[in-house]
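Take a first look at the protein shown here. The report below starts with one pair of strands and works outwards.

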Amino acid sequence: MSSVNPQAGKRAAPSALVNLPVLISNYYSLRPDMAEPTHRVAFGTSGHRGNANAHSFNEWHVLAITQAICDYRKEQGFKGPLFLGIDTHALSEPAWHSALEVLAANDVVTMLAEGSPYAPTPAVSHAILTHNRVHKDALADGIVVTPSHNPPDNGGFKYNMPNGGPSDSNVTGWIEKRANAYIEKQLEGVRRMSFEKALKAGTTQRYDYLDNYVGDLPNIIDLAAIAGANVKIGVDPLGGAGVHYWSAIADRYKLNLEVVNTEVDASFRFVPMDWDAQIRMDPSSPYAMTELIALKERFDVALACDTDHDRHGIIAKSTGLLPANNYLSTAVYYLFRHRPAWSANAAIGKTLVSSQMINRVADHLGRKLLEMPVGFKWFVDGLYDGSLGFGCEESAGASFLRFDGQPWSTDKDGITAALLAAEMTARTGNDPGTIYRELTQQLGAPLNGRIEAAASPEQKARLSKLSPEDVSSTELAGEPIREVMTTAPANGKAFGGLKIVTDNGWFAARPSGTESIYKIYGESFRDQAHLDKIFAEAQEIVTRALKAD
């Protein structure tokens, strides 16, 4: 298992916090060396991410990517506005400035958030879909400036298409190639104006993301039931972009909801350190969630979201923090029994590294299951046309349809996924922890987990290109290996890693798309000892494969 730092779950010492002035200075002063692979624009599973101190997320990157996006949307004929979202990371505001300078110079109508600049990922996706539902001849798209739950010194930049979801590999590949070409030419061809002039440009407009999103929530969550049952809810926004959304939701719908922390600080000094003593705003981490877990007795359910609010964390009074896979299984079970207007053919989507418990729930419900590669982009089309009722990935990301079966957000939405926990508590009388426990009594109780280890760029590249022939083992944890997979069952696409399956367990290994680590996911349908053995042998298999010529 991952070696847990003794400081995990504790707040970082002031001396260990990111030096924000140096970070911001480096954003503007450091230039990428295009001969160094880590300095180039590279879109992972959700946009380009990097660190200003490491030359991987700097002003030139953002200027070049934004110009490439302007070129792409012009080539595609997108005539509608571009919705520009932003989270609370230190690098997000300077990147937001840089992006607006280019967008305004390219005469792109850009929708900034009314009031506070923050606009979380689900609010941007919701805004794109809302606009395009009416203006089919002037399609809108969007950018969200966020590295998601990554550490405070990281920056991120992702592009959402007119279908509201993350752009697919063909689009990101086009943008990535174009952006790197601009950097190689010292930004020649990048149009830009001063930030002050960009703010005053006629194309720069304001949009009330919060009001439009919050006002539409009754069409996806039964807020009346939550209020009527007086479910006591605690929320920690983890200093993220949705910090003002929760009180607005509570006030508008008369919910018994307490926001336990409204602080926004780009050092994220109030978020306990993760397993490796890094600060990550990860609502599914038991270490990052330590302080909210300690308050669980005060609430029926306690909720958290990451920095751009596309991921969720659920704490049930009955059980404490639910592992992401457990809650996703519970959400699937609940939703497909409480959304009668959804199509009888609406399927369930999951990444192939998510729990097999979701497979069992799908079988139990008589619903089709689609196992996709890692990355939420694979669920966008299904959520958009209603053929998927629910899409999820094991890293606590999910989205689902409105009550009427129409799309709500085709990107991950941590707010609605979290509020769903309150809805199921209100309507069933049981919190999600209790519901999951009852579910395991019917379908079995798999044990699962994830471990992480450091990996160089070369090792990550090697792992992403492994084939079944690279695996010499014939057994895993005492059982014959039944299948070695490098592609997803639903679409035959490579998932950038390796999955090995036996009759009673499996593991999957793949490099992180955003950090210098690789991840091993594992599950056992026997016991903890079996799971531990799966992880131990998985690490040996991966290590041998990475060393092979």
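**A pair of strands and their sheet**

Strand 8 covers residues 233-236, and strand 9 is its parallel partner, with three bridges between them. Within this pair, I233 lies opposite L257 of strand 9. Helix 14, residues 414-428, packs on the sheet. The helix touches strand 8, strand 10 (301-305) and strand 11 (312-316). Its direction makes about 175° with that of strand 10.

All of this is read from a predicted model.

How many strands form this open sheet, and in what order? There are five, in the order 9-8-10-11-12, and the pairing is mixed. Strand 9 (257-259) and strand 12 (320-321) are the edge strands. Each has a single partner strand, so one side of each has no neighbour in the sheet. As a general rule, strands of a sheet pair through backbone hydrogen bonds, either parallel or antiparallel.

**A strand that is enclosed**

Now turn to strand 23, residues 517-524. Is it enclosed or open? Eight of its eight residues are buried, so the strand is largely enclosed by the rest of the structure. In a regular strand the side chains alternate between the two faces of the sheet. Here I517, K519, Y521 and E523 point one way. Y518, I520, G522 and S524 point the other way. Both sets are buried.

Strand 23 has antiparallel partners. Strand 17 (residues 447-454) is joined to strand 23 by eight bridges and runs antiparallel to it. Strand 22 (residues 505-511) also pairs with strand 23 in the antiparallel sense, over seven bridges. G522 gives a handy landmark. G449 stands opposite G522, and F507 stands opposite G522 too.

**Two buried residues**

E423 belongs to helix 14. Its relative accessibility is 0%, so it counts as buried. What does its side chain meet? It makes a polar contact of 2.6 Å with the side chain of Y334. Another polar contact, of 3.0 Å, joins the side chains of E423 and R339. Beyond its neighbours within four places in sequence, E423 is in contact with I220, I221, D222, I226, Y334, R339 and F403.

V145 sits in strand 5, residues 141-145. It also has a relative accessibility of 0%, so it counts as buried. A99 is 46 residues from V145 along the chain, yet their C-alpha atoms are separated by 9.1 Å. Leaving out residues up to four places away in sequence, V145 touches several residues, including L84, I86, W96 and F157.

**Salt bridges**

Side chains of opposite charge can pair when their charged atoms come close. How many salt bridges does the structure hold? The count is 29. The table lists some of them.

| Residue pair | Closest N to O distance |
|---|---|
| R269 and E263 | 2.3 Å |
| R280 and D274 | 3.3 Å |
| D310 and K412 | 3.4 Å |

The pair of D310 and K412 links distant parts of the chain. D310 is in the loop between strand 10 and strand 11. K412 is in the loop between strand 16 (397-400) and helix 14. The two residues are 102 residues apart. Both D310 and K412 are buried. Salt bridges with shared partners also join D222, R339, E423 and R427 into one network.

What about the other pairs in the table? R269 is partly exposed, with a relative accessible area of 34%. Its partner E263 is partly exposed as well, at 28%. R280 counts as buried at 4% relative accessibility. D274 is also buried, with a relative accessible area of 4%.

**The whole protein**

Step back to the full model. The protein contains 17 helices and 23 strands. Its C-alpha atoms fill a box of roughly 65 × 60 × 50 Å along the principal axes. A compact globule of 549 residues would have a radius of gyration near 24 Å. The protein has 22 Å, which agrees.

What share of the residues is buried? Buried residues make up 62% of the 549. Contacts also reach far along the chain. Among contacts with a separation of 6 or more, 71% are between residues 24 or more positions apart.

Terms used. Residues numbered from 1 in each chain as written. Predicted model: local features only at pLDDT ≥ 70, side-chain atom pairs only at ≥ 80, totals over all residues. Heavy atoms only, no water. Pairing = 2+ DSSP bridges. Helix = DSSP H or I, 4+ residues; strand = E, 2+ residues; numbered from the N terminus. Contact = heavy atoms within 4.5 Å. Axes fitted to C-alpha atoms, helices over the stretch in contact; angles between N-to-C directions. Buried < 20%, exposed > 50% of the residue type's maximum accessible area, 1.4 Å probe, protein only. Polar contact = N/O pair within 3.5 Å; in protein donor to acceptor, adjacent residues only side chain to side chain. Salt bridge = Lys/Arg side-chain N within 4 Å of Asp/Glu carboxyl O. Rg over C-alpha atoms; globule rule 2.2 N^0.38 Å.
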